[in-house]
Amino acid sequence: MTSSAQMNAPAPSSLRLVLTLAIAGLISGIAIIGIYESTLPTITANKARELREAVFKVLPGVSEMQQLVYRDGNLVVTEERRKDEQAVYGGYDRDGDFVGYAIPAAGPGFQDTIGLLYGFAPQQKHVLGMEILESRETPGLGDKIYKDAEFVGSFSALSIEPNIVAVKKGAKARPNEIDAITGATISSKAVVRIINEAHAEWSKRLPPAGSEPPLRGTGPAGSGGSP
Amino acid sequence: MKQNESYEEFIKGIWRDNPVFVQVLGMCPMLAVTNSAVNAIAMGMATFFVLVGSSFLVSSFRNWIPKQVRISCFIIIIATFVTVADYTLLALVPKVHKELGAFIPLIVANCMILGRQEAFSSRYPVRLAVMDAMGMASGFLLALFSLGAIREILGDGALFGIDLFGENFEPWIIMILPPGGFLTLGVILLFFNWFRFKKDEFLADVAAAERGGNG
Amino acid sequence: MNKKDPDLLLFHAPLLRQGMTTPKAMRDVIYALLPATAASIWFFGLSALLLLGASIAGAVLAEWLFDNGQRRGESLRDATAVLTGLLLGLTLPPGLPMWMAFLGGFVGVSLGKVIWGGLGHNLFNPALLGRAFLQATFPIAMTTWVVNSYGGEFTSVYASSLALPFMQSGIDSVTAATPLGMLKFDQEVTPLANLMFGKINGSLGETSGVLLLLGGIYLWLRRDLDWRIPVSILLTVVLFSAVLSLVDAARYPTPLFSVFSGGLLLGAIYMATDPVTSPVTPRGAWIFGIGVGVLVMLIRVFGGLPEGVMYAILLMNAATPLIDRYTQPRVFGRGADSP
């Protein structure tokens, strides 16, 4: 055995023990910093791309977006956001005209928190689209809130005033009603409730329709991204 | 002879001493992330990387690490590899990382990994330690994959996301839920034990027959 | 005893026996269930017969396959596997594909009984375990209820019953909600007479309350069941819903509705009384029954599911060893404080 020599040796001094651990910790720390630094750009880029894709999905026809942070009673166009501040994303079309807000919201579902993003057009007071970002709903039933194309599709041109109502499948009669998923009533209602609550919260904060913050950097006429 | 020895260390982890089916170690990732074959393989690969890497380092430094602080040193080494695996997965395959979630950091708590360091890598030369780690990790990967494949086939009618049975397949929802993990693992363990029981019985029969023939 | 060879006829004490044996008690329960079974076949046609046959076949196959005795099939003689299959079948929706019922019976007996060491060792009621497995595995098929034709389509078979193994039920028949479902999701109350005589939708066995009660009285007369369990369950449910009705009569079900709707009678009389999985002491039986009753009402009224009899009984099954331990009667001649 290779370690037999060590076994017979007298107990090493405390200094040696501390030193061993310190060196191990140091090397480990350097390795972790190295991997963190080298993967950070990719991770940030992935997150930004994911967000962009989600925003473009819930706001059809949008080609530019910017973060709008709610600060001191106003929506401020800024890249930086403090932890305690809430943000929405403004979507703009090719000409730089405002299309709608993409609003993140979260709330309890059937099993765990459902996180979602929905597109909101303040002019018509319509929901333009909905994308589930995070959910642990029951596979096969509750997960239809993002797998069932019909359900996801019903969140387009959906009137949100006074609020959205989930009704039994096939019973949709008014513009603010959607069909709940058969067998997943609780999850469908949770999605509707989350959007309603977020809407109630944000409708107090958003500026009146027509006076949304313009796309930053350029005038309303020619936006940076379009030719 | 040397070749045989390292081959022996490798192969024992896959079948005779399989960490999951025989030693019943590493149950947390085994039950938690095997709801699809892809997740199972991702977890298996991450564990492979961590186990082989730590075994290599532990075995290389085995004469420098005082035995009073060996467990702390092992954990520091393992945790470093786990962090590296965590960030790499997050950067390369964010979707898989999202599915595995908290279970990647929890690899550090997989008792199979610390167990190999304590029982093997800290006592044997690097070549054997790495072979042993590769064998154990492959056995773990195979076990995760077989569980993940069974659960995905029954629970989703698919393998690696490819539909196997067509539109009308009725998925067994329970299989992709936590109880499905327990049920499938139980059935596989049942099969393993039954197989070993039969094998022992058979070997005893053969031995008895040979004794009878000689006497 | 029906052993053939008189030379090998060995008994151990007690040599004086009562007429009651496990096979006899099991057969009595099957006889008690026959009227309700016949009624369910009348209501739902041949599909019901096929479904019951499939679940019994699954249960019997598991019992036969995993039988560890010297002679295969020996343990089938006491008819518990048949009873498990029948009870499971009666809790299933009539339009369920046959292969699912077969799987349920197989899982119920293998996972619910054989794996624990066979009859007498199981912690949970095998039939309900099989149903819980099906409920978790096929949640949609298990909550799709075809319309009760009330004898009108006796000879027809639902297309969904004959779905190929592993394939979807492809439910094309007319479906409807159960009385409890209608109450929970649509606030509609079903008339009591319909509940009692089976003019409702639901699982095979829950459709005829009166026949289930008659079977229960038969079992009680034959001393095959511990009357304390069904009585305490039903009393608890009646009291619980009476209090709720006093609070808000419009929102909560009446006591009689609670008793006759859903699987309560089937569960209380035939499943909760399973001697293996319920407490043996009289005091324990009362505690067990009250626990089931309270859980049923909690799940029905405050839970997300319309029906909770299955989970209530399974949960109390799990508590049974504990109840038994704390309700052991004092040994004669020993005080409470002596060892």
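Two aromatic rings count as a pair here when their centres lie within 6.5 Å, taking Phe, Tyr and the six-membered ring of Trp. Keep that in mind for the opening stops, and remember that you're looking at a predicted model.

**Stop one: a ring cluster in chain B.** Select B:Phe21, B:Phe191, B:Phe192, B:Trp194 and B:Phe195, and you'll have a cluster linked by ring pairs. Counting over all chains, the structure holds 20 aromatic pairs. One of them is B:Phe191 with B:Phe192, an edge-to-face pair with 6.5 Å from centre to centre and 80° between the planes.

Now switch on a surface. Which of these two Phe residues is buried, and which partly exposed? B:Phe192 is the buried one, because its relative accessibility is 8% and the cut-off for buried is under 20%. B:Phe191 comes out partly exposed, with a relative accessible area of 44%.

**Stop two: a charge over a ring.** Jump to chain C and pick C:Trp220 plus C:Arg223. The Arg223 of chain C sits over the face of C:Trp220, 5.8 Å from the ring centre.

**Stop three: helix 2 of chain C.** Select residues 46-65 of chain C, the 20 residues of helix 2. At 1.5 Å a residue this helix should span 28 Å, and its end C-alpha atoms are indeed 28 Å apart, so the two agree.

Next, colour its buried residues, among them C:Leu51, C:Leu52, C:Ala59 and C:Glu63. The buried residues cover an arc of only 165° around the axis, which means they share the same side of helix 2 of chain C. What do they pack against? Show helix 1 (22-44), helix 3 (80-90) and helix 4 (98-112) of chain C: those are the partners.

Key:
Residues numbered from 1 in each chain as written. Chains lettered and ligands numbered in written order. Predicted model: local features only at pLDDT ≥ 70, side-chain atom pairs only at ≥ 80, totals over all residues. Heavy atoms only, no water. Phe/Tyr/Trp six-rings, centres within 6.5 Å; stacked < 30°, edge-to-face > 60°. Buried < 20%, exposed > 50% of the residue type's maximum accessible area, 1.4 Å probe, protein only. Lys NZ or Arg CZ within 6 Å of the ring centre and 35° of its normal. Helix = DSSP H or I, 4+ residues; strand = E, 2+ residues; numbered from the N terminus. Expected span 1.5 Å × (residues − 1). Arc of directions from axis to C-beta. Contact = heavy atoms within 4.5 Å.
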